[in-house]
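Student: Hi! Could you walk me through this model while I have it open on my screen?
Tutor: Happy to, just pick a spot and ask.
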Amino acid sequence: MVRNIVVLGGSSHPKLTETICNHLGVPPAKIFLGKFAVGETRVEIIESVRGKDVFIIQSGGGKVNDHLMELLITVSACKTASARRVT
């Protein structure tokens, strides 16, 4: 098992996140992805990412605008939460 890494998966391709996590031998981190009542994107990272290397799995297919905003908000949340690196 790899230590000090966190794998976050967006809503665009959950199967890909699961496959990557199984290959690495790490569980996917808990993250809440949703929408506010007014339609704005909501991202809440449940697990601590402080001092860890964070890998975000998000493809650009499907609802491109929603997935891109979800990715950018997730990157911002990781940086705010003092992640060591975000990839």
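Student: Cool. Where is Val49 found?
Tutor: Val49 sits in the loop between strand S3 (41-45) and strand S4 (53-57). Helices (H or I, at least four residues) and strands (E, at least two) are DSSP runs, numbered from the N terminus. This is a predicted model, where local features need pLDDT of at least 70 and side-chain atom pairs count only at pLDDT 80 or more, while totals for chains, interfaces and linings use all residues. Residues are numbered from 1 along each chain as its sequence is written, and side-chain values use heavy atoms, with hydrogens and water left out.

Student: Is Val49 buried or exposed?
Tutor: Val49 counts as buried because its relative accessibility is 3%. Buried means under 20% relative accessible area, exposed over 50%, and partly exposed in between (1.4 Å probe, protein chains only).

Student: And what is Val49 in contact with?
Tutor: Setting aside neighbours within four places in sequence, Val49 is in contact with Val6, Val54, Cys78, Ala81, Ser82, Ala83 and Arg84. Contact here means heavy atoms within 4.5 Å.

Student: Which residues make up the largest nonpolar core?
Tutor: That core has nine residues: Val6, Leu8, Ala29, Ile45, Val49, Val54, Ile56, Cys78 and Ala83. Strand S1 (5-9) and S4 each supply at least two of them. By nonpolar core I mean a set of buried Ala, Val, Leu, Ile, Met, Phe, Trp, Tyr and Cys residues joined through side-chain atoms within 4.5 Å.

Student: What about a second core?
Tutor: There is a separate one of five residues, including Ile5, Val7, Cys21 and Ile57.

Student: Back to Ile56 for a sec: what does it touch?
Tutor: Not counting residues up to four places away in sequence, Ile56 touches Leu8, Leu71, Thr74, Val75, Cys78, Val86 and Thr87.

Student: New topic, pockets. What volume does the second largest pocket have?
Tutor: About 160 Å³. On a 1 Å grid over the protein atoms alone, a pocket is an open set of points where a 1.4 Å probe fits, with protein on both sides within 12 Å along at least five of seven lines; lining residues have an atom within 4 Å of a point. Grid points are joined across faces, edges and corners, and the volume is the space filled by probe spheres set on the points.

Student: Which elements supply the lining of the second largest pocket?
Tutor: S1, helix H1 (14-24) and strand S2 (31-35) each supply at least two residues of that lining. Among the lining residues are Leu8, Gly10, Pro14, Glu18 and Ile31.

Student: Now charges. How many salt bridges are there in the whole structure?
Tutor: A search finds four. A salt bridge is a side-chain nitrogen of Lys or Arg within 4 Å of a carboxyl oxygen of Asp or Glu.

Student: What does Lys35 pair with?
Tutor: Lys35 forms a salt bridge with Asp66, and their closest N and O atoms are 3.3 Å apart. The pair links distant parts of the chain, with Lys35 in strand S2 and Asp66 in helix H2 (residues 64-80), 31 residues apart.

Student: And how about Asp53 and Arg85?
Tutor: Their side chains meet in a salt bridge at 3.2 Å, N to O. Asp53 lies in strand S4 and Arg85 in strand S5 (residues 85-86), so the pair ties together parts 32 residues apart in sequence. Asp53 is buried, with a relative accessible area of 11%, whereas Arg85 counts as partly exposed at 48%. Asp53, Arg84 and Arg85 are linked in a network of salt bridges.
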